[in-house]
Each structure stands twice: as structure tokens, then as C-alpha cells.
Amino acid sequence: MLTIWGRLSSINVQKVVWAAGEAGQAFERIDVGGPFGGLDTPEYRAMNPNRQIPVLRDGELTLWESNSILRYLAARYAAGVLWEEDPARRVLADRWLDWMLSELQPAMAPVLWGVVRKVAPFTDPKAISDAIGKAEALMAILEAQLADRPFLAGERFGMADIAVGCGAHRWLNMPVERIARPRVQQWYETLFARPAAQAALPLPIA
Ligand SMILES: N[C@@H](CCC(=O)N[C@@H](CS)C(=O)NCC(=O)O)C(=O)O
């Protein structure tokens, strides 16, 4: 059985929990991080020197970095389903994992901290509206991508939808005014209907 360390309010933990569910893997999840603490112990630091969540243990393997864990679970337990065997097809999904980590997550984080977690200096109205503007520009890219395909990388649900779907869940459920994006909305609703998504994506956003 897999072990996942990390509180479920973390978007990076959500990716891993969702992927494990889609891959049909049983797991135990241990609440650490945020109000649960537990990241500063020598034992935890030995698992992840970054003292961050998530961490995955699978037998002898201990792994950190959410997207690497997602790729591992897809390749190890869902080859041909979440993990495309053809590199030229796989990279069409893989790039969205990098986009999520390097573009969408940094754009959305200040909105979460300002609007939901209400931590200064993110609560500054100008900072919030600037951050919303940056996130909206990225949502426009998603809306365009979904113009001629049901899922981010094409006809089939895959790991790109898990990674970016966690971002959509956060964005669409934060109490902010958003530009209506019907394709993103419909795609998100399709994703959120999946049992593994519901088990991974708590509401309200915290
Ligand atoms: N690049 C890392 C980032 C991990 C990260 O930033 N984790 C945050 C939660 S999303 C964390 O550990 N925060 C400290 C805490 O929760 O106490 C990954 O994708 O796994």
C-alpha cells in the first residue's frame, strides 16, 4: 500500500491523491503540513529535505515533488491510461504539468493567500486584482486549448487533467469575480464527477 504525507488542502497533495485514486492504488494519507505541522522533524527531513508536502512512499521508494510523484504513479500503475507510451504523445500532457507548477500555481497562490487565507501583504486590493488578472490570462489559454478537444491533451482523460484540474478546482471555487469560461467550466465539471477527483478535492477551498 502507498503512503502519502500531506494535508488535503494542499494543491500539490491533491494531485497525488487524485492520481493514486485514478490508478486504483490503495493508500494511507498522513496529515502533515499547515496546522498539522510535522515537517521539521529529523524523520520528515530525511524523507524530504525541502520540508514540504507531499511525500510518497511506495515500498523502498520515497519521493517528493508532486509532479514527479504524479508521473511516477502514472507510469508505474497506469501505463497506457494516464501515461502515454509514445513520447510524442506523452509530452503533450507532460507540458501541462510543468505549466501548472511554473505558471498557474504561482499566479493563483497570491489570490488564495489574499482572498481565502487573508494573510498580509496579499490582502492588499491592488495585489489581489493584479493576481486575478494574471490568473485570468492563463485561464484564457485553457479556454482556447479546450476549443477542439474534451481533455487537455486530446480525446482522453490523463495526467494533464489531474494536475491542471486541481488548479481549476481552486480557481473556480474561490470567492472571486471571474470571467465566464464555458469550456473550462464544462471540463472541470466532467473532471469533478470522477470519484477519484471528489476524494481528492475538498470544498470549501481552504
Ligand atoms: N514543488 C513542490 C512544492 C511543494 C509545496 O510548496 N508544498 C507546500 C504545500 S502546497 C508546503 O509544503 N507548504 C508547507 C506546509 O504545508 O506546511 C511540489 O510540487 O511538491
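How many Å separate the centres of domain 1 and domain 2, taken over C-alpha atoms? I looked this up at the start. The model I am reading is a predicted one. In it, the two centres lie 21 Å apart, taken over C-alpha atoms.

**Entry: the two domains**

I noted the bounds next. Domain 1 covers residues 2–77, and domain 2 covers residues 87–194. I then turned to the contact between them. Domain 1 gives nine residues to it, and domain 2 gives nine residues.

Which elements give two or more residues to the side of domain 1 that touches domain 2? I found H1 and H3. H1 has the largest share of that side, with six residues. I also sorted this side of domain 1 by class. Five residues are nonpolar, two are polar and two are charged.

**Entry: the ligand**

I went on to the ligand. I counted 13 residues around it. The closest are Ser-10, Gly-33, Gln-52, Ile-53 and Ser-66. Two helices caught my eye here. H1, residues 11–22, and H3, residues 66–77, each supply at least two residues of the shell. I had already met both helices on the side of domain 1 that touches domain 2.

What classes do the residues of the shell around the ligand divide into? I wrote down seven polar, five nonpolar and one charged.

**Entry: helix H6**

I followed H6 from residue 159 to residue 173. This helix has 15 residues. From its first C-alpha to its last, H6 reaches 21 Å. That is close to the 21 Å expected at 1.5 Å a residue.

Where is the kink in H6 centred? I found it at Gly-165, with a bend of about 30°. I then checked how covered the helix is. Of the 15 residues in H6, 13 are buried, so I put the helix down as mostly covered.

**Entry: Glu-84**

My last stop was Glu-84. I placed it in the loop between H3 and helix H4, which runs over residues 87–116.

Is Glu-84 buried or exposed? I counted 22 other C-beta atoms within 10 Å of Glu-84. A residue with 20 or more counts as buried, so Glu-84 is buried.

I looked for its contacts too. I left aside neighbours within four places in sequence. Glu-84 is then in contact with Arg-89, Arg-90 and Ala-93.

I also looked further along the chain, to Met-159. Glu-84 and Met-159 are 75 residues apart along the chain. Their C-alpha atoms are separated by 9.4 Å. Met-159 is also where H6 begins, as that helix covers residues 159–173.

Key
Residues numbered from 1 in each chain as written. Predicted model: local features only at pLDDT ≥ 70, side-chain atom pairs only at ≥ 80, totals over all residues. Near = placed C-beta within 6 Å. Helix = DSSP H or I, 4+ residues; strand = E, 2+ residues; numbered from the N terminus. Nonpolar A, V, L, I, M, F, W, Y, C, P; charged D, E, K, R; others polar. Expected span 1.5 Å × (residues − 1). Bend = angle between axes of the 7 residues up to and from the residue. Buried ≥ 20, exposed ≤ 12 C-beta atoms within 10 Å, placed from the backbone. Domains from an automatic or database assignment. Contact = placed C-beta atoms within 7 Å.
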